[in-house]
Amino acid sequence: MAMAFKMATTGMWVTDECKNSFMEMKWKKVHRYIVFKIDEKSRLVTVDKVGGPGESYGDLAASLPNDDCRYAVFDFDFVTVDNCRKSKIFFIAWSPTASRIRAKMLYATSKDGLRRALDGISYEVQATDPTEMGFDVIQDRAK
């Protein structure tokens, strides 16, 4: 099977798997979240982990490493004050304090290329520790 890639501005390549998984989350609701990572050798942005529709925001937060960077998207379902069901997709740039400087730089410079490849993101959260991406932060942003 041939794979097509979209080049991010920094020379990173976003695989079709990333875009396809995102579209499945957005339209078919088969994933609650997707975690992406950069393979430094191949220069590919790939899918690291996918959370099923029954998984929670806590599951996503627990799946992020304490010592390495990741990107994640989370499909947040909520009910508005006028009782309407809504869904917003959050893009999370995870760059923990304990990660390597090189990884932080790589993820920071590649973020916009991945965001452009994933059409339909409502909000972005940047976090260096779990409190900066707590569920309360997500709830406040979605209002």
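In the predicted model, strands E5 (residues 70–79) and E6 (residues 85–94) run antiparallel and are joined by 10 bridges. Within this pairing, Val73 lies opposite Phe91 of E6. The hairpin formed by E5 and E6 has 5 residues between the strands, and Asn83 in this hairpin adopts a positive phi near 65 degrees.

Strand E6 also pairs with strand E7 (residues 123–127), here in the parallel sense and over 5 bridges. Ala93 has Gln126 of E7 as its bridge partner. The connection from E6 to E7 passes through helix H3 (residues 101–117), and the resulting β-α-β crossover is right-handed. Strand E6 is thus paired in the antiparallel sense with E5 and in the parallel sense with E7.

Two pockets were examined with respect to these elements. The largest pocket encloses about 200 Å³ of space. Its lining consists of Phe76, Phe78, Val79, Thr80, Val81, Lys86, Lys88, Gln139, Ala142 and Lys143. Two or more of the lining residues come from each of E5, E6 and helix H4 (135–142). The greatest contribution to this lining is that of E5, with 3 residues. In terms of residue class, the lining of the largest pocket comprises 5 nonpolar, 2 polar and 3 charged residues. The charged residues of this lining are Lys86, Lys88 and Lys143, while Thr80 and Gln139 are the polar ones.

The second largest pocket has a volume of about 150 Å³. Arg70, Tyr71, Ala93, Trp94, Ser95, Lys104, Tyr107, Ala108, Lys111, Gln126, Ala127 and Thr128 form its lining. Elements E5, E6, H3 and E7 each supply two or more residues to the lining of this pocket. Helix H3 gives the most, with 4 residues. The lining of the second largest pocket divides by class into 6 nonpolar, 3 polar and 3 charged residues. The charged residues are Arg70, Lys104 and Lys111, and the polar residues are Ser95, Gln126 and Thr128.

The second largest pocket can also be related to the strand pairing and the crossover. Ala93 and Gln126, which are bridge partners, both belong to the lining of this pocket. Helix H3, through which the chain crosses from E6 to E7, is the element that gives the most to that lining. Strands E5 and E6 each give two or more residues to the largest pocket and likewise to the second largest pocket.

Note on methods: Residues are numbered from 1 along each chain as its sequence is written. This is a predicted model: local features need pLDDT of at least 70, side-chain atom pairs count only at pLDDT 80 or more; totals for chains, interfaces and linings use all residues. Side-chain values use heavy atoms; hydrogens and water are left out. Two strands pair if DSSP finds at least two bridges between them. A crossover is right-handed if, with the strands pointing away from the viewer, the path from the first strand over the helix to the second runs clockwise. On a 1 Å grid over the protein atoms alone, a cavity is a set of points where a 1.4 Å probe fits but cannot get out, and a pocket is an open set with protein on both sides within 12 Å along at least five of seven lines; lining residues have an atom within 4 Å of a point. Grid points are joined across faces, edges and corners, and a volume is the space filled by probe spheres set on the points.
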